[in-house]
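User: Hello! I am new to this kind of structure and would like to learn how to read it, one feature at a time. Could we go through it together?

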Amino acid sequence: MNNTPEASLKKPLGVYAMAILFILAPLGNILISFLGSGLANWYEPPIFMALLKTISIFDWIWLGLLILTGVLLFIQHKLSWTVAIMSLVVVLGINAFRLFQADPNSIEPNFLKIFSILAVVTTLGVLVIAFYFKFPYIDRRTKWTSTEHNPDRRTEERDSERRKK
């Protein structure tokens, strides 16, 4: 009898957290931008809806890309990690561009500078961490969104199952 704990594939909780952050990032970005607009009651529904209409198509596209990236990370495909890295590079480029070229009339200039610097530093930090981990083990066989036990294929348990067949 084997007294060692049963080996199972580890669930990439960091990837799971990153997927959630990708999905929530557009909402946070929109709320922070509206907060920096200088309007006193930006959160009231009529003002909020009017501000939503001012968001450009380009901004909707890259915000949608973030949501799509989060969903792809949940699908567990190896390509999804590459898409996540590329999305972070796009966001880094947009934030860096806006740091130096944004319209100062659309948002308070000091708020824009501070927020852009924080966004660049945060995105750069996530990119460094993502490059450090290279490609995490994103394999559909891990079933990391499931609560079922999934034994590691390299253990004796799996080998003995194969021999029985």
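User: Let me start with the rings. How many aromatic pairs does the count come to?

Analyst: Happy to help! One thing to keep in mind from the start is that this is a predicted model. The general idea is that two aromatic rings are described by the distance of their centres and the angle of their planes. Here the count comes to three aromatic pairs. One of them joins Y16 and F74, with 5.4 Å from centre to centre and 80 degrees between the planes, an edge-to-face arrangement.

User: Which parts of the protein does the pair of Y16 and F74 tie together?

Analyst: Y16 sits in helix α1 (residues 13-35) and F74 in helix α3, so their pairing links parts that are 58 residues apart in sequence. As for the surroundings, Y16 is partly exposed at 36% relative accessibility, and F74 is also partly exposed, at 26%.

User: Why is the pair of W42 and Y43 called edge-to-face?

Analyst: Look at the angle. A pair counts as edge-to-face when its planes are over 60 degrees apart. The planes of W42 and Y43 stand at 80 degrees, with the ring centres 5.8 Å apart, so this pair is edge-to-face.

User: Are W42 and Y43 buried or exposed?

Analyst: This pair has one of each. Buried means under 20% relative accessible area and exposed means over 50%. W42 has 14%, so it is buried, while Y43 reaches 53% and therefore counts as exposed.

User: Let me step back to the whole chain. How many helices and strands does the secondary structure come to?

Analyst: There are six helices and zero strands. Reading along the sequence, you meet the pattern α-α-α-α-α-α. Of the 165 residues, 32% are buried. For contacts with a separation of 6 or more, 73% come from residues 24 or more positions apart.

User: What does the accessible surface come to?

Analyst: The total is about 11300 Å², and carbon and sulfur atoms account for 68% of it. A local piece to look for is a nonpolar surface patch of about 370 Å², made by L13, Y16, I20 and L24. Y16 is already familiar from the pair with F74. I20 belongs to helix α1 and is partly exposed, at 32% relative accessibility.

User: Which residues does I23 touch?

Analyst: When you read contacts, it helps to set aside the close neighbours in sequence and see what remains. Leaving out residues up to four places away, I23 touches L66, I67, G70, V71 and F74. I23 lies in helix α1 and is partly exposed, with a relative accessible area of 31%. To see how sequence and space can differ, take I23 and V71: they are 48 residues apart in sequence, yet their C-alpha atoms are 7.3 Å apart.

User: Where is S87 found, and is S87 buried or exposed?

Analyst: S87 is in helix α4 (residues 78-101). With a relative accessible area of 2%, S87 is buried. Beyond its neighbours within four places in sequence, S87 is in contact with F22, L65, L66 and T69.

User: What about W81, buried or exposed?

Analyst: W81 is buried, with a relative accessible area of 6%. W81 has its place in helix α4. From C-alpha to C-alpha, W81 and T69 are 8.7 Å apart, with their positions twelve residues apart in sequence.

User: Which contacts should I look for at L39?

Analyst: Apart from neighbours within four places in sequence, look for I47 and L51. L39 is in the loop between α1 and α2 (45-52), where L39 is partly exposed, with a relative accessible area of 41%.

User: One last topic, confidence. Which helix has the lowest mean pLDDT and which the highest?

Analyst: Among the elements of the protein, helix α6 (residues 156-164) has the lowest mean pLDDT, at 57, and helix α3 (residues 57-75) the highest, at 91. Across the protein the average is 76, and 68% of the residues score at least 70. For residues 1-7 the pLDDT stays under 50, and the model has six contacts there beyond four places in sequence.

Terms used:
Residues numbered from 1 in each chain as written. Predicted model: local features only at pLDDT ≥ 70, side-chain atom pairs only at ≥ 80, totals over all residues. Heavy atoms only, no water. pLDDT = per-residue confidence, 0-100. Helix = DSSP H or I, 4+ residues; strand = E, 2+ residues; numbered from the N terminus. Contact = heavy atoms within 4.5 Å. Buried < 20%, exposed > 50% of the residue type's maximum accessible area, 1.4 Å probe, protein only. Areas by Shrake-Rupley, 256 points an atom, 1.4 Å probe, with all protein chains shown as cover. Phe/Tyr/Trp six-rings, centres within 6.5 Å; stacked < 30°, edge-to-face > 60°. Patch = residues over 30% accessible without salt bridge, like charges linked within 9 Å, V, L, I, M, F, W, Y side chains within 5 Å. Salt bridge = Lys/Arg side-chain N within 4 Å of Asp/Glu carboxyl O.
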